[in-house]
Amino acid sequence: MPARASRLKSHKTWLGAGALLVLATTNAPAVLGFAQEKYHSYEINTDGYKAERGHWDLMAMPARYQLNSIHAVLLRTGKVLLIAGSGNSVKQFEGGTFKSTLWDPAKNTFKKIDTPKDMFCAGHTQLPDGKVLIAGGTARYETLGGDVKRAGGAMLVKNEDPDQDRTFPKGTVFLSASGKTYRSQFPVHVPPAHKIINSTNGEATVTANEARVYVEADQEGPGGITNTTEQYEIQGLHGEDDDNFYGIANKIGLDKKDFQGIRDAYEFDPATEKYTKVASMSEARWYPTLLTLADGKVLATSGLDDVGQVVPGKNEIYDPATHTWSKAPTHYFPTYPSLFLTIGGKVFYSGSNSGYGPADKGRAPGLWDLAANTFRAVPGLKDPDTLETSGSVLLPPAQEQKVMVFGGGGVGESKEVTARTAIADLRAPRPTFDPGPELPHRTRYLNTVLMPDDTVFTTGGSGDYRGRGKSDILAAQFYDPKSNAFSAAADPTVGRNYHTEALLLPDGRVAVFGSDPLFGDENNTKPGTFEQRVEVYSPPYLYRDNRPRLGDTPATVRRGQSITLRTPDAARITTARLIHPGSATHVTDFDQRSVALGLKRAPGGITVTVPADPSLVPAGWHMLFVTDGHGTPSQALWIKVE
């Protein structure tokens, strides 16, 4: 009986296959496509496939917490702060609706966070105490040339009175001699004039001070255009105030109006889960880069200012101890420049950036010595005109001081895109870029994430500007610095291009957020929809048995100090890494770095030593991972470096 049942089963299977063959002769593409899809769905869920390439899962986020994720920051609590601000939505911006969501990946729980300002396209970085600094954001959305109704431009507000400053509110009216009127779109504070007393004769010299504000014409259309330099009276002033305060503008026109930045800065506290306002920057910034320096202070560079122009090299430094800003050395960068702190304290600019600024200014990679304010170019990069929206990472471990560039596109909406990678060894006496292996696809907007096993996980991107022509790339891969080669990972199911971020989580998974395609169809006729789904990748190492285990450990450690970690797996642990938590936006993340720790076996555990160099190991909270000889990592422990 069992044998007969077996034969019947085989016969039934054979008949099924025969039926499939008959169908295939009549509608081969549909049947084969359906069969291939079914087989692929089966294959990617097998244990063998997961152990070789990993696995992707979509996370269920309730609708009330969903948002257009523009920024993603891993907090020292293990939670992820997702910031949208207005989320690239004019409607949300004009309605004053600014969003942030806190996600706990371990529990898959969510919380809405009150968001006081439009942090859309701000800069952010981790601070030594575990708080997050967010600076800049959006004061005004761009308006294309054909949609500009009123002439607008920059008005310099002058003050010749050395004894008083003055704040003029939004809506202040500036009158020209010809009768044209313009209104300020933001409040503007004008400091007192500069007064210098001649020590010889006692005479005073007064030099006017000034501040800038964006103004628009009261009159719609070309009647509000001014193409000559003129002086403007400020409505409502009388007597000496009328003489001391006035406006000057060079050109007020109907041309395209770019985004404008804000000066506001906030700290987000993972303990209270709230934003707290700190001192504002001197410059308004939209698309700025924030970089933590060796002394724990933060460098802010670039961004679009309060009239929509790239900040002309005016950089500044934030001191977390005093919550104040001061001037930094001057250097011009395009927006969101990719900056890395190097051993010794110099800052390396990889050339990667995210989009605003002239094609021929500030784009060359190089080493910036802030102390001397000198910039030395680092040559050798293939396809140097396709660095916009490229990825850049400080390869693991950070002691190697190698920065790698991945893909990228041409300036603006260019269709140029490259599969180029390149590596600069910053330890060399005169660093240059050397070619790396080609990416599997020509890609811009590629997410790059440092992993506990010293590989770099890369995912997503598109073959054209903002995914035009449905060009999102559903592929992921690992780069191994030791072999200098890529290997395939499981394919994601969600396309990612502009406004996308990826973070390493404490459990070793990678979470990917956002994507803002310009169009929703291959012919580029339908508007795109912002991608609000969160997809999480589990690497192959999570499908192995016996991950190394770590017991409790001291919460803090000093640079140069050794600590002992209790573990039953000491005999097979081969590496220990401090990985700085990421804060990602626009496929850039300058906070992430992986530092190798000295490792010795000790009774009942291992002893690890933190390097002493503050330019190698940032102060603050890190994830400590250990791995075995197969590259299988432990769950991370949170360690504060002081």
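Of the 642 residues in this protein, 53% count as buried. Keep in mind as we go that we're looking at a predicted model. The protein contains 5 helices and 49 strands. Its radius of gyration is 28 Å, close to the 26 Å that the globule rule gives for 642 residues, so the protein is as compact as a globular protein of that length. If you follow the C-alpha trace along its principal axes, it spans about 115 × 70 × 45 Å. Now take the contacts between residues at least 6 apart in sequence: 61% of them join residues at least 24 apart.

Let's zoom in on one sheet. Strands of a sheet pair through backbone hydrogen bonds, either parallel or antiparallel. Here, 4 strands make an open sheet in the order β22-β23-β24-β25, and their pairing is antiparallel. What stands at the edges? That's β22 (289-292) and β25 (324-327); each has a single partner strand, so one side of each is left without a neighbour in the sheet. Ignoring direction, neighbouring strands of this sheet are turned by 30° against each other on average. For a closer look, try β22 and β23 (residues 298-301), which are joined by 4 bridges. Across this pairing, Leu-290 stands opposite Ala-300 in β23.

Next, the aromatic rings. A pair of them is described by the distance of the centres and the angle of the planes. The structure holds 29 aromatic pairs. One of them is formed by Trp-103 and Phe-513, an edge-to-face pair with 6.0 Å centre to centre and 80° between the planes. Trp-103 lies in strand β4 (residues 99-104) and Phe-513 in strand β39 (residues 510-514), so this pair ties together parts that are 410 residues apart in sequence. Both Trp-103 and Phe-513 are buried.

Phe-513 also leads us to another residue, since it is among the residues that Thr-500 touches. Thr-500 is found in strand β38 (residues 500-504). Is Thr-500 buried or exposed? It is buried, with a relative accessible area of 0%. Leaving aside residues up to four places away in sequence, the contacts of Thr-500 include Tyr-445, Asn-447, Val-512 and His-586.

Back to rings for a last stop. Phe-93, Phe-120, Tyr-141, Phe-259, Trp-286, Tyr-287, Tyr-336 and Tyr-356 form one aromatic cluster. Rings can have charged partners here too: Arg-166 lies over the face of Phe-245, at 5.7 Å from the ring centre, and the charged end of Lys-277 sits over the ring of Tyr-266, 5.9 Å from its centre.

Terms used:
Residues are numbered from 1 along each chain as its sequence is written. This is a predicted model: local features need pLDDT of at least 70, side-chain atom pairs count only at pLDDT 80 or more; totals for chains, interfaces and linings use all residues. Side-chain values use heavy atoms; hydrogens and water are left out. Helices (H or I, at least four residues) and strands (E, at least two) are DSSP runs, numbered from the N terminus. Buried means under 20% relative accessible area, exposed over 50%, partly exposed in between (1.4 Å probe, protein chains only). Contact means heavy atoms within 4.5 Å. Two strands pair if DSSP finds at least two bridges between them. Axes are lines fitted to C-alpha atoms, for helices over the stretch in contact, and angles run from 0 to 180 degrees between N-to-C directions. Rings of Phe, Tyr and Trp (its six-membered ring) pair if their centres lie within 6.5 Å; planes under 30 degrees apart count as stacked, over 60 as edge-to-face and the rest as tilted. A charge sits over a ring if NZ of Lys or CZ of Arg is within 6 Å of the ring centre and within 35 degrees of the ring normal. The radius of gyration is taken over C-alpha atoms; the globule rule is 2.2 Å times the number of residues to the power 0.38.
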